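Open your viewer, get the selection tool ready, and follow along stop by stop. Each stop names what to select and then tells you what is there.

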Amino acid sequence: PAPMPLLLLHGWPSSHVEMHRIAGPLADPASHGGSPEDAFDVVVGSIPGHGVSTAPPDPGFGADEAAACFRTMMVDVLGYERFVVHGGDRGAFVATGLAHRFPENTLAIHQSLPLGIPADPPTPEDAAWLAKTARWTAEEGGYSAIQGTRPLSLAYGLSDSPVGLAAWIAEKWRVWSDCDGDPLNVFTREELLTNVMIYWLSGSFYSSARFYWAHRQRPPAAVRPERIEVPTGMTVFPKEVMQPPRQAVARKYDLRHWGTPAQGGHFPALEQPEVLVDELRTFFRAFR
């Protein structure tokens, strides 16, 4: 049988950096100790304005608009009438947008960034999740607040200083990964520097950061209460920044798979590539 088309998406870092350890094993499993029947036609997508793809002129362009671009790319340009999607970070928002807007083309989605809806009134599990999220926002959410309100002012400074840009990006690799305080425990210097250089050379910090502003103006499907009826798999790594309970995720999605690895954080394709590859093969196998 023909390999299943698989679209891989991430936000920060650029998808091309995030996915480079898993693209080969997914496309050619036989060369990496797997079964040829698990092969995918792998498409690593660059979200518009995120370092490789051209920045959209509309400052209100967000994840749902990016989903429409990827539907056009996969169906009209590449000829895949139906395909599956994996998304982490902002790529999870785009994957949800594809499932919401184009269920006729989106066969199934998998995310490593879980999103959910609390019950009304919240269950005890929901209440604990919401309290934890509020603490995280107060302690770690400063970057989101400024990117969501004044992204252009921030961009002038970071586009003028490569050291400033490197600090802004690399700090997230340290705090959001399962690295015991040292990102070099899980990433190479080349991976860290390549990601920074993609943004520096393309001048795309502003066009990527303003997604936060766009989503405040017009919330995407990922954070609205509409249910996603496309079959969905989630792999929740222990150091991921968002940790909704399984019941909250099942309110939002047609949840078919719930993986909970022992290690890993916000960048699982780099931190735990073998685990993520196995999760993707396992979940998508039912839709071949």
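## Stop one: N105 and its contacts

Select N105 together with R71, V75, E81, R82 and F83: these are the residues N105 is in contact with, once neighbours within four places in sequence are left aside. Before going further, please keep in mind that this is a predicted model. N105 belongs to the loop that runs between α4 and β4. Is N105 buried or exposed? Its relative accessibility is 3%, under the 20% cut-off, so N105 counts as buried. For a distance check, add H10 to the selection: N105 and H10 are 95 residues apart along the chain, and 20 Å separates their C-alpha atoms.

## Stop two: an exposed start

Now jump to A2, in the segment that comes before β1 (4-9). With a relative accessibility of 68%, which is over the 50% cut-off, A2 counts as exposed. Draw a line from A2 to D41: the two are 39 residues apart in sequence, and their C-alpha atoms are 8.5 Å apart in space.

## Stop three: backbone oddities

Switch to a backbone view for three places. Start with D120 and P121, which are joined by a cis peptide bond with omega at about 0 degrees. P121 sits in the loop between β4 (106-111) and α5.

Next, select D89, in the loop between β3 (83-87) and α4. D89 is not a glycine, yet its phi is positive, at about 55 degrees. The third place is D180, in the loop between α8 and α9 (189-202). D180 is also a residue other than glycine, and its phi is a positive value near 55 degrees.

Which of the words buried and exposed goes with D89, and which with D180? D89 has 10% relative accessibility and therefore counts as buried. D180, at 74%, counts as exposed.

## Stop four: the α6 and α8 pair

Show helix α6 (residues 142-149) and helix α8 (residues 162-176) as cartoons. Two packed helices are described by the angle between their axes and the distance between the axes. Here the angle is about 140 degrees and the axes are 12 Å apart. Why are α6 and α8 called oblique to each other? An angle over 145 degrees would count as roughly antiparallel and one of 65 to 115 as roughly perpendicular, so this pair falls among the rest, the oblique ones.

Turn on side chains for the contact: α6 brings Y143, I146 and Q147, while α8 brings W168, K172 and W176. By class, these contact residues are four nonpolar, one polar and one charged.

## Stop five: W176

Stay in helix α8 and centre the view on W176. At 6% relative accessibility, W176 counts as buried. Leaving out neighbours within four places in sequence, W176 is in contact with D89, W136, Y143, K239, V241, G265, H266, F267 and E271. Pick H266 from that group and compare two separations: 90 residues in sequence, but 5.5 Å in space from C-alpha to C-alpha.

## Stop six: the cavity

How many cavities of 30 Å³ or more does the structure hold? There is one, and the largest cavity has a volume of about 50 Å³. To find the largest cavity, select its lining: W12, D89, R90, Y143, K172, W176 and Y212. You have already met D89, Y143, K172 and W176 on this tour, and each of them is in this lining. Coloured by class, the lining shows four nonpolar, no polar and three charged residues.

## Stop seven: the largest pocket

Finish at the largest pocket, with a volume of about 1,400 Å³. Of the 46 residues that line the largest pocket, select the ones closest to its centre: T133, W136, T137, Y143 and M242. Then widen the selection to the elements that give two or more residues to this lining, namely α4 (90-101), α5 (124-140), α6, α8 and α10 (205-217). Which element gives the most to the lining? That is α5, with nine residues. A last colouring by class divides the lining of the largest pocket into 23 nonpolar, 11 polar and 12 charged residues.

Key. Residues are numbered from 1 along each chain as its sequence is written. This is a predicted model: local features need pLDDT of at least 70, side-chain atom pairs count only at pLDDT 80 or more; totals for chains, interfaces and linings use all residues. Side-chain values use heavy atoms; hydrogens and water are left out. On a 1 Å grid over the protein atoms alone, a cavity is a set of points where a 1.4 Å probe fits but cannot get out, and a pocket is an open set with protein on both sides within 12 Å along at least five of seven lines; lining residues have an atom within 4 Å of a point. Grid points are joined across faces, edges and corners, and a volume is the space filled by probe spheres set on the points. Ala, Val, Leu, Ile, Met, Phe, Trp, Tyr, Cys and Pro count as nonpolar, Asp, Glu, Lys and Arg as charged, and the others, Gly among them, as polar. Axes are lines fitted to C-alpha atoms, for helices over the stretch in contact, and angles run from 0 to 180 degrees between N-to-C directions. Helices (H or I, at least four residues) and strands (E, at least two) are DSSP runs, numbered from the N terminus. Angles under 35 degrees count as roughly parallel, over 145 as roughly antiparallel, 65 to 115 as roughly perpendicular and the rest as oblique. Contact means heavy atoms within 4.5 Å. Buried means under 20% relative accessible area, exposed over 50%, partly exposed in between (1.4 Å probe, protein chains only).
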